[in-house]
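Student: I should like to examine how the descriptive terms applied to a model are justified. Please show me the structure.

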Amino acid sequence: MTSLLVWVGVDRGGVSSLNLAADSRISFADGDVWDHAIKVFASSQYPIALGFVGDVFFPSVSLPGAIARVDAGTYGTDTPDVVDSLVSDIQTSWRTFPKRHRHGVTILVAYRLAGGMKSVFGLKQIVGASGAGEMTSETVTIPSKSGFVLLQGSGEKSVGTARDAWQRSDAQGTSRAAYSAFVDALLSGGDRFSGGAPQLISIWRDHRGAHPIPVIYRGRRFIFGTEIEAEKSAHTLKEWRGPLFERVDGQTGNLLTGAQPHIRPSNV
């Protein structure tokens, strides 16, 4: 299983970002774990991102190819058509997957239509039940206020407890509270099936594609669940985030010059 969180950031102009966060752990039947599995995927060409909860095998082998076809222009250039074709592609992959290996999985497709102040953010949920011949698809409502859109996976209770604590603070209803609650839940170890570093993707109002965001976690640098060396990557990767969602320097881990400091509330 996993922990998967989707939340929106809102400013005076409305919804400004749609964000996905996941943990990095795969758990095996014999009790072994591996904390470096990619669970969120970002298109570099379109404002589209994917995430999943449930069974690991099907999404791990199907989603990288699906997002690669998006970037290659296989589905055209119009974002609504690309999203529809992407959903259909995933459903077709499920349909052709061996029936006895179809285990319960939920796949999320996050996206943005238009751009700038005309941006409209969307989220689709694709569900495949164990052994089912077809995957169902539904549209998830995007709220107009900053906060959680969807929280799923085995870590739902753990992240929910941390969310409630942040919601009782003066940081309630912010992206900082949403992401910090997710990090707090991972650090707590409250769900044994969730672990490793957080993975983070944001779709912004004014950015061409979905943006994978490298993070500082336990004082170390990660992207997509894998630790990276500052000397080789910190100057090329942008928009690093610290554990309180503050903008930090990838090499030093310190707050960027001019960035807003994020202080943990005393009651969290």
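Tutor: The following exchange sets values against definitions.

Tutor: This is a predicted model, in which local features need pLDDT of at least 70, side-chain atom pairs count only at pLDDT 80 or more, and totals for chains, interfaces and linings use all residues. Residues are numbered from 1 along each chain as its sequence is written, and side-chain values use heavy atoms, with hydrogens and water left out.

Student: Why is R218 called exposed?

Tutor: Exposed means over 50% relative accessible area, buried under 20%, and partly exposed in between (1.4 Å probe, protein chains only). R218 has a relative accessible area of 58%, and is therefore exposed. R218 lies in the loop between β13 (215-217) and β14 (220-223), where strands are DSSP runs of E of at least two residues, numbered from the N terminus. Its phi is near 55°, a positive value in a residue other than glycine.

Student: What makes F245 count as buried or exposed?

Tutor: The relative accessible area of F245 is 8%, so F245 is buried. Phi of F245, too, is positive, near 70°, and the residue is not glycine.

Student: How do you know whether the radius of gyration agrees with that of a compact globule?

Tutor: The radius is taken over C-alpha atoms, and the globule rule is 2.2 Å times the number of residues to the power 0.38. For 268 residues a compact globule would have a radius near 18 Å; the protein has 18 Å, so the two agree.

Student: What percentage of the residues count as buried?

Tutor: Of the 268 residues, 54% count as buried.

Technical notes. Helix = DSSP H or I, 4+ residues; strand = E, 2+ residues; numbered from the N terminus.
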